[in-house]
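Here's a quick briefing to read with the model open next to you. Let's walk through the charges first, then the packing.

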Amino acid sequence: MKQAGFNEDKNLVLVSHYHQLWQLLEKERIDFVLTNTLTLQNELALSGVDPSDIHKSLHLDDFPSGLYLAANLNLDKQLAAQLSNAVEALKQSGQYQAILQKWQLPLPK
């Protein structure tokens, strides 16, 4: 967002938890939310927001939505390799692509 010209002092609010995001919108402290929709229904329910009050206004195809696995730097190297191999197996089988399509995420380039 910052690379697109948004600024925290002017027109960008960053939050660390989705609950804060929905509270800000509900209290009209922000006008627009940019978030992925993977867990939207669950986020709204847990935040006490009526889903009928939320309207999708824009879909950004070129907004980064890559999926990553983060781990402790001390993760056993053999386990890290197993995880990488498992993801590669998912990709080779087509399951990875099916998951992305199910959640309407773009295929990585």
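**Charges and core at a glance**

E8 is partly exposed, at a relative accessible area of 44%. Keep in mind that we're looking at a predicted model. E8 has a charged partner, K2, and their side chains form a salt bridge with an N to O distance of 2.9 Å. The count for the structure is one salt bridge.

**The K2 end**

- You'll find K2 in the segment before α1.
- Is K2 buried or exposed? K2 is exposed, because its relative accessible area of 52% is over the 50% cut-off.
- Leaving out residues up to four places away in sequence, K2 touches E8, L12 and L14.
- One of those contacts, L12, sits ten residues from K2 along the chain, and the two C-alpha atoms are 8.4 Å apart.

**A buried acid**

- Now for E43, which is part of helix α2, spanning residues 40-47.
- How far away is the nearest side chain of opposite charge to E43? That side chain belongs to K56, and it's 14 Å away.
- E43 is buried and has no salt bridge; a salt bridge needs the nitrogen within 4 Å of a carboxyl oxygen, so K56 at 14 Å doesn't qualify.
- What E43 does touch is Y18, W22 and T35, again not counting residues up to four places away in sequence.

**The nonpolar core**

- Which residues make up the largest nonpolar core? There are seven in all: L21, W22, I30, V33, L40, L44 and V49.
- Two elements, α1 (18-26) and α2, each give two or more residues to this core.
- As a general point, nonpolar side chains in soluble globular proteins tend to be buried together.
- W22, one of the core residues, is also on the contact list of E43.
- V49, another core member, touches W22, E26, L44 and I54, with residues up to four places away in sequence left out.
- Among those V49 contacts are W22 and L44, both of them in the core too.

**Rings**

- How many aromatic pairs does the structure hold? The number is zero.
- There is a charge over a ring, though: K91 lies over the face of Y96, at 5.0 Å from the ring centre.

Methods: Residues are numbered from 1 along each chain as its sequence is written. This is a predicted model: local features need pLDDT of at least 70, side-chain atom pairs count only at pLDDT 80 or more; totals for chains, interfaces and linings use all residues. Side-chain values use heavy atoms; hydrogens and water are left out. Rings of Phe, Tyr and Trp (its six-membered ring) pair if their centres lie within 6.5 Å; planes under 30 degrees apart count as stacked, over 60 as edge-to-face and the rest as tilted. A charge sits over a ring if NZ of Lys or CZ of Arg is within 6 Å of the ring centre and within 35 degrees of the ring normal. Buried means under 20% relative accessible area, exposed over 50%, partly exposed in between (1.4 Å probe, protein chains only). Helices (H or I, at least four residues) and strands (E, at least two) are DSSP runs, numbered from the N terminus. Lys and Arg count as positive and Asp and Glu as negative; His and the chain ends are not counted. Contact means heavy atoms within 4.5 Å. A nonpolar core is a set of buried Ala, Val, Leu, Ile, Met, Phe, Trp, Tyr and Cys residues joined through side-chain atoms within 4.5 Å.
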